[in-house]
Amino acid sequence: MAARPAEQLPDAERAERFSFEAKLDGFRCIAFIHDGHAVLQSRQQRSLTRYFPEITAALVDQLPDGTVLDGELVIRSGGRLDFGALQRRIHPSAMHAARRSAVTPATFVVFDVLVREHTDMRPEQYRRRRKQLRRLLDETRPPIALMPATRDLAGARAWMAEHGGGIEGVVVKDRRRAYRPDRHAWEKIRIRSAVDAIVGGVIGPLDRPEALILGRRDDRGRLRVAGRTRPLRAAEQAELARVLAPPDGAHPWPPVIPASRFGQLGSDPIVYTKARPDVVVEVDADVCWEHDRWRHAVVYRRVRVDLTADDVARGRPE
């Protein structure tokens with residue numbers, strides 16, 4: 001079961017219908033416990049089993065046979081959830097997996113029970129599944145944990161306003177709904193904040209940019225590719241065309257940019273038009289920032305004509 005993007009939490013009049021869960025920065029994972037073995041599967045139905053031996057061992061040791069759980073694999077590092085550390089766990093070597101499990105152990109944060117001791121729980125309402133899940137995990141210990149959830153709208157708003165350490169938003173779930181695979185019946189609201197960035201290039205021509213390639217300076221002052229915007233509307237294209245100009249000298253970026261800079265593994269390099277890196281824009285960005293870049297596309301808001309590139313803060317955006 002999946003979640004569709006939403007812009008805001010439900011209003012107070014509707015909130016009683018819902019439960020709110022923290023949205024963590026990790027790998028979605030279904031765990032199957034059967035015949036004394038555990039199998040981990042990604043949302044794309046790829047096997048994650050060999051990469052997280054500490055999780056499979058804990059599932060078999062702590063939970064009954066014939067159980068299927070839905071949750072999130074996460075790794076905490078330096079007081080934050082570290083998505084990059086999760087990615088580094090995906091390696092073909094079994095020895096690598098065993099070593100990494102000791103150095104950067106993962107946690108399986110469970111938010112739903114689909115089968116409990118061979119009984120299919122999916123037709124049950126969310127509120128009943130959640131009650132069964134709490135009972136099932138009552139005596140479990142790390143690396144298995146229960147996903148934080150609340151029925152209090154104020155609590156969900158606090159997660160959105162006072163986030164930290166890897167909470168990237170809130171998932172809204174109707175308490176009366178059954179679990180229906182392949183349906184987008186939940187909603188997810190990502191935490192976003194206004195951030196300034198430098199335009200280093202565009203997709204398309206400068207006089208009609210389709211999207212912006214954004215930069216931010218690292219701690220050493222180098223302008224790094226930090227991400228890209230979502231597609232621009234016609235009025236935004238016209239607004240930006242008035243201020244964008246071609247470089248008048250050397251440009252700090254190569255003529256093409258690897259798609260991996262935008263979280264698009266295995267895709268063709270991004271061909272773009274270079275722009276003079278002196279235009280500052282304000283964007284709405286989520287909290288998924290790592291390796292000096294945003295993992296998801298950001299939303300363009302406006303040109304900051306009152307700022308120069310030197311006014312944009314260095315390092316991680318706050």
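Which residues of α4 are buried? In this predicted model, the answer is Tyr 126, Arg 129, Arg 130, Leu 133 and Leu 136. Looking around the helix axis, these residues cover an arc of only 120°, which puts them on the same side of α4. Plenty of other elements help to cover them, including the strands β2, β5, β8, β10, β11 (149-150) and β12.

Helix α3 can be read in a similar way. Running over residues 94-103, α3 has His 96, Ala 97 and Ser 101 as its buried residues. Viewed down the axis of α3, the buried residues fall within an arc of 130°, so they line one face of the helix. Turn to the face pointing away from that buried side, and the exposed residues Met 95, Ala 102 and Val 103 show up. As for what sits over the buried residues of α3, the cover includes α1 (53-62) and α2 (83-88).

Next comes the inside of the protein. As a rule of thumb, nonpolar side chains in soluble globular proteins tend to be buried together. Here the largest nonpolar core has 32 residues. Within this core, the residues with the most contacts are Leu 9, Phe 20, Leu 24, Val 170, Val 172 and Trp 186. Two or more residues of the core come from each of β2 (18-24), β5 (67-74), β8 (107-116), α5 (153-161), β12 (167-174) and β13 (184-190). There is also a second core, separate from the largest one, with 28 residues. Leu 73, Ile 75, Phe 83 and Leu 136 are among its members. Leu 136 has already turned up here as one of the buried residues of α4.

What about the empty space? Rolling a probe the size of a water molecule over the atoms shows where such space is left. The largest pocket has a volume of about 1,400 Å³. A total of 48 residues line this pocket, and those nearest its centre are Gly 26, Phe 27, Phe 83, Arg 295 and His 296. Phe 83 is thus a name that appears both in the second core and in this lining. The elements giving two or more residues to the lining of the largest pocket are β1 (2-5), β2, β3 (27-34), α2, β12, β13, β16 (223-228) and β21 (293-294). Strand β2 provides the largest share, four residues. Sorted by class, the lining breaks down into 18 nonpolar, eleven polar and 19 charged residues.

The second largest pocket holds about 400 Å³ of space. Its lining is made of 18 residues, with Met 1, Ile 30, Arg 43, Tyr 179 and Asp 182 nearest the centre. Two or more lining residues come from each of β3, β4 (37-42), β5 and β8, and the largest share, three residues, belongs to β3. By class, nine of the lining residues are nonpolar, four are polar and five are charged.

A few spots in the backbone deserve a look too. Most residues other than glycine have a negative phi, and most peptide bonds are trans. Asp 182, already met in the lining of the second largest pocket, goes against the usual sign: its phi is positive, near 70°, although Asp 182 is a residue other than glycine. This residue lies in the loop between β12 and β13 and is exposed, with a relative accessible area of 73%. Gln 45 is another such case, with a positive phi of about 65°. Its place is in the loop between β4 and α1, and Gln 45 is exposed as well, at a relative accessible area of 62%. A peptide bond to notice is the cis one joining Pro 142 and Pro 143, where omega is about 15°. Pro 143 is found in the loop between α4 (126-136) and β10 (144-146).

Finally, there is Val 256, in strand β17 (residues 256-257). Is this residue buried, exposed or partly exposed? With a relative accessibility of 38%, Val 256 counts as partly exposed. Setting aside residues up to four places away in sequence, Val 256 touches Pro 269, Ile 270, Val 271 and Tyr 272. Val 256 and Thr 273 are 17 residues apart in sequence, and their C-alpha atoms are 9.1 Å apart in space.

Notes
Residues numbered from 1 in each chain as written. Predicted model: local features only at pLDDT ≥ 70, side-chain atom pairs only at ≥ 80, totals over all residues. Heavy atoms only, no water. Buried < 20%, exposed > 50% of the residue type's maximum accessible area, 1.4 Å probe, protein only. Arc of directions from axis to C-beta. Contact = heavy atoms within 4.5 Å. Core = buried A, V, L, I, M, F, W, Y, C linked by side-chain atoms within 4.5 Å. 1 Å grid on protein atoms, 1.4 Å probe; cavity = no way out; pocket = protein on both sides within 12 Å on 5 of 7 lines; lining within 4 Å. Points joined across faces, edges and corners; volume = space filled by probe spheres on them. Nonpolar A, V, L, I, M, F, W, Y, C, P; charged D, E, K, R; others polar.
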